[in-house]
Amino acid sequence: MSVSVQSGKQFVDLVVDLDGTLIATDLLWESIFQLLKQNMLYLFVVPFWALRGKGYLKHQIAERVRIDPALLPYRQDFLNYLREEHGKGRRIVLATGAARRFADDIAAHIGIFDAVYATDATRNLTSKLKTQFLIETFAGRSFAYAGNSRADIPVFEAAGEAIVVAPDRAAAKWQRAHPTRLFETPKRSWKAFFRMLRAHQWMKNTLIFVPPTLDHELTNWSVLGNALIAFCAFSAAASAIYIVNDLFDLPLDRQHARKKSRAFASGAFSIPFGLQMAFVLLAIAVLLATRLPLEFGIVLGVYIIATTAYSLALKRMLLIDVLMLAGLYTVRVLAGAAATQIEGSFWLLAFSSFFFLSLALVKRYVELQHTALFEKNRIAGRGYRADDREMVAQCGVASAFAAALVLALYVDSDSVVRLYSYPWMIWPLCPIVLYINIRIWILAHRGEMHEDPVVFLISDWRSQIMIAIGAALLLYGGARA
């Protein structure tokens with residue numbers, strides 16, 4: 001039937017779209033990323049599936065990927081409306097271009113749909129095909145339709161009643177020209193945009209300024225200019241990789257108490273928008289790199305490849321993940337040396353390796369401490385078990401002391417005598433480094449540490465004071481002889 005009756009009232013059937021309407025995401029894009037996360041070799045298979053039609057592509061992916069309907073970002077105001085209509089006795093139908101398997105799972109989870117029409121291996125149920133299918137299904141009887149995109153406009157035109165939900169530009173234009181019910185798109189703020197870019201993580205790229213600072217060349221305008229360009233290039237590249245990483249980690253992020261509010265996990269920004277931004281950011285990084293020496297471009301390329309490998313696979317490998325994180329910090333130091341043509345110091349690289357290994361281990365320690373989501377006795381998405389926490393802490397504290405030891409050996413070396421008029425003023429850096437690092441570990445042990453220790457260093461006033469004192473010692477005690 002196409003008419004529902006309750007208490008003398010009649011309701012035409014309400015047909016509901018899925019992607020972008022009921023949920024604030026696109027299941028085709030999500031499932032593609034989950035498929036590639038399983039095996040990147042599918043990248044060479046997907047185009048051949050697509051050649052046989054979009055319906056066949058969606059069907060093949062759905063056969064290999066599972067979507068947890070409980071974790072999807074539903075448009076809660078619209079879903080509440082559907083529940084109310086269902087409670088009044090109205091017949092609710094799900095008609096979607098998503099794969100049949102996904103549609104059935106979501107319909108079963110929500111429990112309000114009287115019928116489900118979806119894409120199968122031979123038919124992609126979108127736009128004009130969906131319109132024709134619904135007209136034939138309802139056999140001339142009226143129905144209401146809720147959608148959100150340009151592809152839904154033909155269905156709006158055929159429906160007796162249109163409901164526009166979080167419309168894209170084309171659907172919004174259509175809605176303004178027609179009397180329809182509107183569920184508006186949640187407003188996106190600049191704050192959300194910068195959170196998507198992880199702008200606060202750009203502070204890590206200040207490591208680029210370390211080589212010219214220690215070589216007393218930061219007041220050289222040419223050197224400073226190159227360092228600033230390198231900083232911007234690394235920041236753009238890092239944001240691009242963060243976006244791609246988030247797209248691969250959608251299911252895991254939605255299980256996390258804090259990460260579920262990220263731009264793509266929450267549906268605040270669409271996956272195609274994220275891909276566009278990643279491409280633009282990478283293009284900016286490459287263009288900036290062309291303004292610097294070739295060595296910097298090589299280091300930037302290594303960083304992009306290593307970060308991508310970390311995001312796709314290495315972060316799930318025991319110990320390899322923290323060694324890679326420490327290496328990525330050290331790469332930033334190398335990038336600063338390459339951009340400014342300052343020879344890298346063995347002491348600096350050795351210190352950076354141990355210091356940042358300690359911070360990487362803090363990051364894993366905090367995750368093990370606060371995350372209750374485990375897969376086969378391992379923390380979800382990682383290679384660690386719950387009982388690895390104490391061993392991780394021991395390795396991290398040992399790395400902290402190793403960093404201080406390297407620094408002490410450097411302070412007592414001939415290099416400091418050549419570079420500094422007052423080498424004795426550099427000695428307090430050793431207890432300062434120990435204070436910062438060991439305090440981080442004590443707070444982590446107490447359960448008071450931020451998930452990212454670098455973010456903690458940026459926001460913690462005590463650490464900032466210690467860093468300022470260390471910088472002053474380098475500045476005033478570090479005039480060339």
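A nonpolar patch on the surface is formed by Met40, Leu41, Leu43, Phe44 and Val45, which together present about 480 Å² of accessible area. Patches here are made of residues with over 30% relative accessible area and no salt bridge, with nonpolar side chains (Val, Leu, Ile, Met, Phe, Trp, Tyr) joined within 5 Å and like charges within 9 Å. A salt bridge, in turn, is a side-chain nitrogen of Lys or Arg within 4 Å of a carboxyl oxygen of Asp or Glu. Areas come from the Shrake-Rupley method with a 1.4 Å probe, and for residues only the protein chains shown count as cover. The model is predicted, so local features need pLDDT of at least 70 and side-chain atom pairs count only at pLDDT 80 or more, whereas totals for chains, interfaces and linings use all residues. Residues are numbered from 1 along each chain as its sequence is written, and side-chain values use heavy atoms, leaving out hydrogens and water.

Within the patch, Leu41 is found in the loop between α1 (27-38) and α2 (46-51); helices are DSSP runs (H or I, at least four residues), numbered from the N terminus. Leu41 counts as exposed because its relative accessibility is 56%, given that buried means under 20%, exposed over 50%, and partly exposed in between.

Turning to the interior, the largest nonpolar core has 89 residues, and Leu22, Phe78 and Phe296 are those with the most contacts inside it. Such a core is a set of buried Ala, Val, Leu, Ile, Met, Phe, Trp, Tyr and Cys residues joined through side-chain atoms within 4.5 Å. Helix α11 (residues 221-248) gives the most to this core, with 15 residues. Apart from it lies another core, of 47 residues, including Ala360, Val366, Phe456 and Leu457.

Helix α11 also holds Ser239, which is buried because its relative accessible area is 0%. Beyond four places in sequence, Ser239 is in contact (heavy atoms within 4.5 Å) with Leu197, Trp202 and Leu281. Val331, in helix α15 (residues 320-340), is likewise buried, at 14% relative accessible area. With neighbours within four places set aside, Val331 contacts Phe234, Val299 and Tyr303. Val331 and Leu207 are 124 residues apart in sequence, yet their C-alpha atoms are 9.1 Å apart in space.

Finally, the cysteines deserve a word. The disulfide count comes to zero, taking a disulfide as a pair of cysteine sulfur atoms within 2.5 Å. Cys430 counts as buried because its relative accessibility is 9%, while Cys232, at 40%, counts as partly exposed.

Technical notes: Helix = DSSP H or I, 4+ residues; strand = E, 2+ residues; numbered from the N terminus. Buried < 20%, exposed > 50% of the residue type's maximum accessible area, 1.4 Å probe, protein only.
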